[in-house]
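Let's take a walk through a protein model together. Have a look at the picture below, and then read on.

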Amino acid sequence: MRKSLSQKMFDLQRGRDLAKKDCEVIKMMAEQEVILLGQQKVALRKALAMSQKQSSETKRDILLGQQQVALRKALAMSQKQSSEAKRDLKKELKMKGAYSSSESQESETSRSC
């Protein structure tokens, strides 16, 4: 089973051609993978940007909510202090009114004497 030189040459050329085709197929697959990876990278960057935006909005909403709670507490405290101050003022005015009326009665009594 000796092959002639031309047969060996033909087999080698055929092997070379198959190797070239395999190389081209692998090269095209690699290029397609690079393209797909680039598309995935763009999609991931877009998703990351959206995620960061949503995160910022959520943080802002939380802060605004906390500020609203603090403002409501401050308003309630202010209203409580205001009503306490009004109550104290009314008491004070009643006491002064009673004091003033007793003073005026005393002064009227002393004038009449």
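**A guided look at the model**

D61 and R60 are a good place to start: these two residues form a salt bridge, with their closest N and O atoms 3.2 Å apart. Keep in mind as you look that this is a predicted model.

Why might such a pair form at all? Side chains of opposite charge can pair when their charged atoms come close. A salt bridge is counted here when the nitrogen and the carboxyl oxygen lie within 4 Å, and the 3.2 Å between D61 and R60 meets that cut-off.

Where do these two partners sit, buried or exposed? The answer lies in between: D61 is partly exposed, at 43% relative accessible area, and R60 is partly exposed too, at 47%. Both residues get that label because it covers values between 20% and 50%.

Now find D17 and R16. They make a salt bridge as well, and their closest N and O atoms are 3.4 Å apart. D17 has a relative accessible area of 36%, so it counts as partly exposed. Its partner R16, with 44%, is also partly exposed. With this pair you have met both salt bridges, since the structure holds two.

Finally, step back to see the whole chain. The protein has 113 residues, and buried ones make up 0% of them. Its secondary structure amounts to one helix, with zero strands. The area that the protein exposes is about 11000 Å², and 60% of that comes from carbon and sulfur atoms.

Technical notes: Residues numbered from 1 in each chain as written. Predicted model: local features only at pLDDT ≥ 70, side-chain atom pairs only at ≥ 80, totals over all residues. Heavy atoms only, no water. Salt bridge = Lys/Arg side-chain N within 4 Å of Asp/Glu carboxyl O. Buried < 20%, exposed > 50% of the residue type's maximum accessible area, 1.4 Å probe, protein only. Helix = DSSP H or I, 4+ residues; strand = E, 2+ residues; numbered from the N terminus. Areas by Shrake-Rupley, 256 points an atom, 1.4 Å probe, with all protein chains shown as cover.
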